[in-house]
Amino acid sequence: MSNYDIIIGLEVHVQLQTATKLFCGCSTQFGAEPNTQTCPVCTGMPGTLPVMNRKAFDLAVRTALALNCQIAPFTKWDRKQYYYPDLPKGYQISQFDLPFSHDGWLEISDPKGKIEPKRLRIQRVHLEEDAGKSMHDEVAGSADSRIDLNRTGTPLLEIVTQPDMRSPAEAKAFLTELKLLLTYLGVSDCNMQEGSLRVDGNINLHVHTDAGKIATPIVEVKNMNSFRSVERALTYEAERLWDVWQESKQKLGDVPKQTRGWDDQANITRGQRHKEESSDYRYFPDPDLVPVTVSSERVAEVQSGLGELPAALRTRLETSYGITPYDSDVIVNQGRAAADYYLAVADGVADGKLASNWFQQDVLRTLNDRSLTIEQFGVPATALVALLKKIKGGELDNARGRQVFAAMLDQGLSADAAMQALGFEQVDESELVALCQEIVAANPKIVADVKGGNAKAAGSFVGMAKKKNKNVNPARVQEICLQLIAQM
Amino acid sequence: MLSRQDVNKVSLLARLQLTEAELDTMTSQLGQIVGYVEQLNELDTKSVEPLSHPVDVKNVFRDDVLQPSLPRETMLANAPHASDEFYLVPAVLGD
Ligand SMILES: [Zn+2]
């Protein structure tokens with residue numbers, strides 16, 4: 001038994017895929033020249049008024065519903081006030097006590113069995129605006145920090161979980177599933193390098209003692225720039241918290257919440273300077289924005305337009321396509337476009353398992369080897385269907401099928417054209433039977449063997465048949481020979 | 001009532017540097033304002049619905065349609081200190 005439980009909650013910021021900012025028509029495009037995407041509204045000039053982007057709100061509601069949240073019929077906007085050079089208004093428009101959604105959940109599972117299936121609760125999801133970026137270039141030796149306000153006012157969704165995760169692996173699984181869900185919904189590109197998805201973690205321990213479980217002070221971990229860093233940072237922090245507990249015996253409430261930053265190179269977290277004043281945001285309702293009401297009809301409408309989400313698609317693949325949970329997980333986790341490719345192939349060839357094998361072993365492997373996306377993949381689903389039909393029908397065996405596949409991939413050929421290019425021809429059935437009759441007649445010893453109960457002996461007919469005609473289907477040769485012998 | 005310490009904290013949050021004398025003045029003046037507003041607490045509001053906006057109007061959304069931003073020179077012209085591309089501020093170190 002371990003000495004403690006790890007308690008983790010996450011705060012995830014997701015940039016919504018809108019063309020314009022939350023309260024003005026400036027572009028949200030990443031990577032533009034600094035300070036070229038700003039206007040008096042997003043820089044907080046006196047006398048300006050924010051007007052909310054309908055799409056941002058719709059995407060927010062869509063996401064919250066997919067996370068099984070309750071949508072508040074009435075929601076309002078608040079000013080979260082703090083001074084920082086990248087926040088030109090001196091406050092961030094956010095949501096304090098009446099977020100537009102609350103109390104949802106997301107299920108994590110792992111067919112590889114590394115984590116137990118679990119429903120993780122979402123405390124709230126709210127909409128807010130992003131701040132700008134400040135850069136301090138120490139190399140240049142300048143005493144100034146540079147401020148770029150392009151990002152100021154970009155719509156962000158903040159997703160706050162309950163402290164339901166019990167290991168860094170569960171935290172990583174949650175993020176992986178969340179990201180997949182968001183990309184299926186098409187609400188965010190979730191690009192962590194571009195800051196479209198940011199994660200902060202809250203972590204503490206429940207230490208097992210003779211006097212029962214004792215909670216240690218909570219630490220917030222920031223600067224985790226990939227899901228892998230999240231897992232590593234939280235693993236490191238749990239161990240550090242255990243060391244701190246053994247030394248200090250500090251309990252929750254004994255010290256204020258600490259913020260630590262993850263250093264990916266050094267593999268450690270470091271304490272960040274404590275900003276005692278920043279804990280007081282003095283929220284109050286933004287008088288420039290009017291509360292929003294959401295009717296139950298509107299909620300039902302958005303709900304019905306959610307489309308098939310990853311969890312439902314996994315179940316459908318298992319039940320309707322006859323593939324294992326492991327296989328359906330692999331397929332669904334490739335994203336919507338790749339899953340659609342699989343579905344098109346499986347439907348076309350009417351064989352979920354055959355399609356799954358080829359999708360994973362041949363299509364996915366090629367995508368990985370060549371660093372391609374499914375959109376860039378050279379063999380359309382219809383072409384793969386044509387090939388798999390030939391394999392399923394016995395016209396090609398797997399080995400030849402792979403050769404045909406390679407030719408289709410590299411030369412952009414159809415299955416038929418690739419077969420022609422390779423000199424693969426389908427052998428006429430009557431020709432095949434005649435060939436089998438010939439070799440069966442010429443090999444009485446093998447026939448006797450087979451008749452004596454050694455059906456495997458018929459395998460040597462395949463080699464003989466191939467010598468006579470390289471295009472014969474091995475499985476078919478064996479089948480016909482066995483039939484002929486049975487009739488003898 | 002508002003204490004001197006409260007005012008000190010609020011000034012810190014607002015990035016205002018007050019002298020001792022100003023702190024005294026502010027404590028007294030802000031205290032009067034807070035005391036005046038405080039009178040509202042004498043009312044019984046048990047049966048009154050909480051108000052989140054003073055004007056009873058419905059929200060209007062904007063379509064997600066691109067509008068031209070202002071030229072960078074125009075935006076930066078208002079800054080006390082700027083380069084050709086950035087606003088410049090006293091060094092912000094760490095997070
Ligand atoms: Zn703007």
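Mentor: Before we start on this predicted model, note that contact here means heavy atoms within 4.5 Å.

Trainee: Okay, so which residues of helix 1 of chain A meet helix 2 of chain A?

Mentor: From helix 1 of chain A, A:Arg62, A:Thr63 and A:Ala66 meet A:Leu181, A:Leu182 and A:Leu185 of helix 2 of chain A. By residue type, that contact divides into 4 nonpolar, 1 polar and 1 charged.

Trainee: And at what angle do the axes of those two cross?

Mentor: The axes of helix 1 (residues 54-66) and helix 2 (residues 168-185) of chain A cross at roughly 130 degrees and come within 11 Å, and the two helices are therefore oblique to each other. The crossing is right-handed.

Trainee: Switching to the metal, what are the protein donors of the zinc ion?

Mentor: The SG atoms of A:Cys24, A:Cys26, A:Cys39 and A:Cys42 are the protein donors, lying 2.2 to 2.4 Å from the zinc ion. Along the chain, these donors follow the spacing C-x1-C-x12-C-x2-C.

Trainee: What is the arrangement of the 4 donor atoms, and why?

Mentor: The arrangement is tetrahedral, because the angles that the 4 donor atoms subtend around the zinc ion are 100 to 114 degrees.

Trainee: Now chain B: how far apart are the axes of helix 1 and helix 2 there?

Mentor: In chain B, the axes of helix 1 (residues 4-13) and helix 2 (residues 20-38) are 9 Å apart, and the helices pack at an angle of about 105 degrees, so helix 1 and helix 2 of chain B are roughly perpendicular to each other. Helix 1 of chain B contributes B:Arg4, B:Val7 and B:Asn8 to the contact, while the residues from helix 2 of chain B include B:Leu23, B:Met26 and B:Leu30.

Key:
Residues are numbered from 1 along each chain as its sequence is written. Chains are lettered from A and ligands numbered from 1 in the order in which they are written. This is a predicted model: local features need pLDDT of at least 70, side-chain atom pairs count only at pLDDT 80 or more; totals for chains, interfaces and linings use all residues. Side-chain values use heavy atoms; hydrogens and water are left out. Axes are lines fitted to C-alpha atoms, for helices over the stretch in contact, and angles run from 0 to 180 degrees between N-to-C directions. Helices (H or I, at least four residues) and strands (E, at least two) are DSSP runs, numbered from the N terminus. Angles under 35 degrees count as roughly parallel, over 145 as roughly antiparallel, 65 to 115 as roughly perpendicular and the rest as oblique. A crossing is left-handed if the near helix is turned anticlockwise from the far one by less than a right angle, and right-handed if clockwise. Ala, Val, Leu, Ile, Met, Phe, Trp, Tyr, Cys and Pro count as nonpolar, Asp, Glu, Lys and Arg as charged, and the others, Gly among them, as polar. Donors are N, O and S atoms within 2.8 Å of the metal (3.2 Å for Na, K and Ca); water is not among the atoms, so sites may look incomplete. Four donors count as tetrahedral if all angles lie between 85 and 135 degrees; four count as square planar and six as octahedral if opposite donors are over 155 degrees apart and all others between 65 and 115; anything else is irregular.
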